[in-house]
Amino acid sequence: MEKSESYIIFIIIATVAVLALMIIVVADLLLIYRNKQLKYRNELLALNSKLERTTLEVTNEVTEQVFSDIADELHNNVCQTLTLAVIHINQAEVEKNPLPNHILESRDTIRQALTDIRNLSHLLSKEYWLNFDIHQALKALEIKLISSGKIKVNFDVDPLVKFNSKDHEIIVIRILQEMILNSLKHSNASLVEIKLRNSNNGLGLWYSDNGKGFLSVNMSEGLGLKTMKQRLSLLKAKYHINSENGFKFEAEIPMKLVSNV
Amino acid sequence: MEINFINIPTVFILATLVIGFLRYKSLSKYELLILVIPSLNFIADVVSSVLINRHISTNFCYNLLIPIEISLTLFIYSKHLIKKKSRILVFVTMLIFLLFSIINLLFIQEFISEFASYNFFLGGILVCMFSYLVWREEILDGLISPKKVILWFAAANFIYYTISVPVMSANNWLVLYLKEMAIPIYLINSINYAIWSVFLSLGLLWKNRKAI
């Protein structure tokens with residue numbers, strides 16, 4: 001090979017090598033840029049999700065606090081006023097016996113209101129939620145629903161299910177209350193089935209009724225369903241809603257469960 | 001008086017050295033080592049100017065300078081890189097390059113009559129690669145700052161060698177077969193050389209700036 005040719009080959013090799021290096025550098029920079037963009041996007045999503053969760057948690061806390069304040073107000077103020085009214089009627093009865101029937105009936109109504117308000121106050125109070133037990137609450141709910149006679153309820157709750165967080169327990173009962181309320185109010189259901197079981201990844205919750213379903217009664221964007229979804233997101237639950245033949249709901253709540261076994 | 005455009009970059013190099021001298025207190029040990037490179041360049045340029053005036057070939061001057069300059073550049077990189085693996089890789093590459101340069105100068109290309117283009121080609125490609133590696137590590141770690149002289153130095157090297165490797169690879173061929181084209185090619189290299197010193201000067205000037 002002539003010297004000139006070898007020089008030209010060398011020039012070509014050098015130029016190609018530099019060009020190849022430039023291409024590699026540009027490609028690598030583009031990859032780095034893309035990866036950084038993806039990383040920032042994921043970080044942003046994680047931050048948004050965290051913000052959403054914090055907002056929901058705060059909302060939940062505020063709601064519980066408001067409930068507790070209302071309970072205190074009902075117990076300390078309204079009940080006192082009503083008790084005073086009953087005392088006045090009793091006093092009047094002593095002084096001017098017998099009292100007209102409608103006043104005596106009013107006293108009974110006030111007493112009934114007092115009992116209802118005390119029960120409500122008890123349900124809303126912080127102490128109630130501090131000592132809250134989902135099994136007892138579900139039992140009470142079952143009795144209440146059966147005694148109402150409006151709806152037949154099948155409860156299938158594993159007695160071994162135990163939560164390690166009171167907050168999660170409260171959230172689950174609130175979700176169930178929401179669904180029962182919807183079954184009663186909007187779906188015209190006559191049968192409700194609730195199942196609560198330990199699952200592989202935490203807790204399995206099933207709910208179904210034979211009513212019209214959520215979506216058919218324009219509840220898809222309703223406040224009830226929205227609140228329920230917010231609560232489920234607080235639990236980081238995976239859930240599925242089917243509303244074609246009645247309302248069917250199933251959720252898997254990833255939580256550390258404490259078993260009694 | 002005729003202006004020698006080829007020698008204008010020497011003035012830029014001198015300016016870089018003056019800036020470096022004025023800023024030497026703010027520079028670290030390895031940043032000061034960077035200044036050895038323009039110093040060597042300046043000496044080589046002055047010596048080659050004298051030799052040109054006496055019609056003596058300047059090839060040996062640059063044949064000596066290139067392995068020293070490139071090895072020193074790689075050594076500085078090996079001290080600045082963040083990852084230990086990268087530091088070892090650059091250091092080992094530097095030793096291999098040095099060995100290749102000596103073999104090339106002794107047995108392959110002529111030391112006196114020929115420009116050691118193989119050394120320049122291999123060294124240039126290596127400097128380009130590792131200049132990018134320096135930048136890459138800083139980009140990935142989010143540590144890029146104009147106050148880092150090493151980044152200016154790496155950028156200057158990357159630009160200089162990506163342009164000069166193809167240009168200087170043609171040097172021997174042009175000298176032998178197309179002498180009239182050699183001057184424009186040298187001019188390209190001279191402009192490139194001036195850009196290199198401007199980048200380094202900017203790095204040295206920025207180093208002393210107070211944080212905004």
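A search of the whole structure, which is a predicted model, finds eight salt bridges over all chains. One of them joins the side chains of A:Glu57 and A:Arg53, at 3.3 Å from N to O. Both residues lie in helix H1 (residues 3-95) of chain A, and because they are four residues apart there, about one helical turn separates A:Glu57 from A:Arg53.

**Interface of chain B and chain A**

Between chain B and chain A the count is one salt bridge. Its partners are B:Arg136 and A:Asp28, whose side chains meet at 2.4 Å, N to O. Three residue pairs across the interface of chain B and chain A are in polar contact, with both residues at pLDDT 80 or more. On the side of chain B that touches chain A, helix H6 (117-140), H7 and helix H8 (171-177) each supply at least two residues. H6(B) gives the largest share of that side, ten residues. By class, the side of chain B that touches chain A has 15 nonpolar, five polar and two charged residues.

In total, 22 residues from chain B and 18 residues from chain A take part in the contact. About 1,800 Å² is buried between chain B and chain A, and carbon and sulfur atoms give 78% of this area.

**H1(A) against H6(B)**

The axes of H1(A) and H6(B) are 11 Å apart, and the two helices pack at an angle of about 5 degrees. H1(A) and H6(B) are therefore roughly parallel to each other. Among the residues of H1(A) in this contact are A:Phe10, A:Leu21, A:Asp28 and A:Lys36, while the residues of H6(B) include B:Ser117, B:Phe121, B:Met129 and B:Arg136. The contact of H1(A) with H6(B) divides into 17 nonpolar residues, one polar and three charged. A:Asp28 and B:Arg136, both listed in this contact, are also the two residues of the salt bridge at 2.4 Å.

**Helix pairs within chain B**

Helix H7 (residues 149-169) and helix H9 (residues 179-207) of chain B pack with their axes 8 Å apart, at an angle of about 175 degrees. That angle makes H7(B) roughly antiparallel to H9(B). The residues of the contact of H7(B) with H9(B) are 20 nonpolar, five polar and one charged.

Helix H3 (residues 36-53) and helix H4 (residues 59-80) of chain B cross at roughly 175 degrees, and their axes come within 10 Å. H3(B) and H4(B) are therefore roughly antiparallel to each other. From H3(B) the contact includes B:Val36, B:Leu40, B:Asp45 and B:Leu51, and from H4(B) it includes B:Phe60, B:Leu65, B:Glu69 and B:Ile76. Of the residues in the contact of H3(B) with H4(B), 13 are nonpolar, three polar and two charged.

**Class composition of the helix contacts**

| Helix pair | Nonpolar residues | Polar residues | Charged residues |
|---|---|---|---|
| H1(A) with H6(B) | 17 nonpolar | one polar | three charged |
| H7(B) with H9(B) | 20 nonpolar | five polar | one charged |
| H3(B) with H4(B) | 13 nonpolar | three polar | two charged |

Technical notes. Residues numbered from 1 in each chain as written. Chains lettered and ligands numbered in written order. Predicted model: local features only at pLDDT ≥ 70, side-chain atom pairs only at ≥ 80, totals over all residues. Heavy atoms only, no water. Axes fitted to C-alpha atoms, helices over the stretch in contact; angles between N-to-C directions. Parallel < 35°, antiparallel > 145°, perpendicular 65-115°, else oblique. Nonpolar A, V, L, I, M, F, W, Y, C, P; charged D, E, K, R; others polar. Contact = heavy atoms within 4.5 Å. Buried area = accessible area lost by both parts, 1.4 Å probe. Salt bridge = Lys/Arg side-chain N within 4 Å of Asp/Glu carboxyl O. Polar contact = N/O pair within 3.5 Å; in protein donor to acceptor, adjacent residues only side chain to side chain.
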